[in-house]
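Subject: The two-chain model, handed over

Hi,

Here is the structure I promised you. Have it open while you read, and I'll walk you through what turned up.

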Amino acid sequence: MTFVFWTAIAIFAVAIGVGLVRVASAKDLGSRAIIGDLVYFAAIGILTMIAMLTDISIMLDVIFLSSLLGILATIALARILTRGHR
Amino acid sequence: MTTAIDVFIAFCVLSGSLLVLTSALAMFRAKDALSRINVFSPATGLGMPLVIVGCYVYLLQREGFSLYHLFIGLVGFASLIIVSSIASNTLSRATLLSGSPVHRYTRPNRLAYARGEDPHVDGPAAMHEPDEAQVGDEAQVGDEPRGDDPAGN
């Protein structure tokens, strides 16, 4: 199982790298915002895999809290895009 | 039995991470910001919930059943789907309101033009945006341009 978790960590890391390259090459702010969201979720995946590798019992709590609070960054970026208008 | 559970956990974890990677790669193929927000949804709608399922089964195998873990897993699963959908909706609204260009092949673009007033649509046949249910009925679609033409041309 250790190999599986390390493989998943590598795949998530590649996703983060691809996303960062896309952020650098994107021209509009909406694309950058959504790729930031992608990097966020990939980082949550890496944290979960590390928690499963090291047998920390908070692995579900990590995903629970991050999935509930992940909307905050996206909505903040959306508000920034519209300069505060709804 | 343990091997089968391990294979299931590996399937969930690896397919979830591969879905996230696929969404990241699809960001290069999508042409505008709205499409990029659209192609992100497999990662949050299927990839991360699969990671949650794998994580929960792993925890179930290690520590046994716990009502708290089941609650946390279910709420996390549902909130990933619901909350990320709301976030994507809000972000796409903001993207469109901020004047981000939509790709020129986006047809019909009902966010920009009223129905039947799209200047890029060629001919009255395309002006009547056919419902998906009526597309299969060839006779009805073929008769439509001659029968109902509000512009008179």
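Let's begin with helix α3 of chain B, which covers residues 41-63. It has 23 residues and spans 32 Å from its first C-alpha to its last, close to the 33 Å expected at 1.5 Å a residue. Keep in mind that this is a predicted model. If you follow α3(B) along, you'll find a bend of about 25° at B:G47. A proline, B:P49, follows within four residues. Just after α3(B) comes B:G64, with a positive phi near 85°.

Now hop over to α4(B). This helix has 31 residues, and its first and last C-alpha atoms are 44 Å apart, close to the 45 Å expected at 1.5 Å a residue. α4(B) has a bend as well, of about 30° at B:S79. After α4(B) you come to B:G99, again with a positive phi near 85°.

So what does chain B look like overall? It has seven helices and zero strands. Read from the N terminus, the order is α-α-α-α-α-α-α. Chain B has 153 residues, of which 28% count as buried. Here's one to look at on screen: among contacts in chain B with a separation of 6 or more, 60% are between residues 24 or more positions apart.

Next, the place where the two chains touch. How many residues does each chain give to the contact? Chain B gives 44 residues and chain A gives 42 residues. On the chain B side, the elements that supply two or more residues are α1 (2-29), α2 (33-39), α3 and α4 (67-97). The largest share, 16 residues, comes from α4(B). Sorted by class, that side of chain B has 30 nonpolar, twelve polar and two charged residues.

Two single residues are worth a click.

The first is B:V39, which sits in helix α2 of chain B. Is B:V39 buried or exposed? It counts as buried because it has 20 C-beta neighbours inside 10 Å, and 20 is the number needed for that label. Setting aside neighbours within four places in sequence, B:V39 is in contact with B:S23, B:A26, B:M27 and B:A30. For a sense of distance, try B:V39 and B:Y68: they are 29 residues apart in sequence, and their C-alpha atoms are 33 Å apart in space.

The second is A:D55, found in the loop between α2 (29-53) and α3 of chain A. A:D55 is not a glycine, yet its phi is positive, at about 60°. Why does A:D55 count as exposed? Because it has 11 C-beta neighbours inside 10 Å, and the label goes to residues with 12 or fewer.

Last, a bit more on chain A. Its UniProt entry, which is unreviewed, annotates residues 6-26, 38-56 and 62-81 as "transmembrane region". In the model, residues 6-26 of chain A are 95% helix and 0% strand, with end C-alpha atoms 30 Å apart. Residues 62-81 of chain A are 100% helix and 0% strand, and their end C-alpha atoms lie 29 Å apart.

How confident is the prediction here? Chain A averages a pLDDT of 87, and 99% of its residues score at least 70. Among the elements of chain A, helix α1 (residues 2-25) has the highest mean pLDDT, 91, and helix α3 (residues 59-81) the lowest, 85.

Cheers

Note on methods: Residues are numbered from 1 along each chain as its sequence is written. Chains are lettered from A and ligands numbered from 1 in the order in which they are written. This is a predicted model: local features need pLDDT of at least 70, side-chain atom pairs count only at pLDDT 80 or more; totals for chains, interfaces and linings use all residues. pLDDT is the predictor's confidence in each residue, from 0 to 100. UniProt positions are given in the numbering used here, feature names are shortened, and annotations may be inferred rather than shown by experiment. The expected span of a helix is 1.5 Å times one less than its number of residues. The bend at a residue is the angle between axes fitted to the seven residues ending there and the seven starting there. Two residues are in contact if their C-beta atoms, placed from the backbone, lie within 7 Å. Ala, Val, Leu, Ile, Met, Phe, Trp, Tyr, Cys and Pro count as nonpolar, Asp, Glu, Lys and Arg as charged, and the others, Gly among them, as polar.
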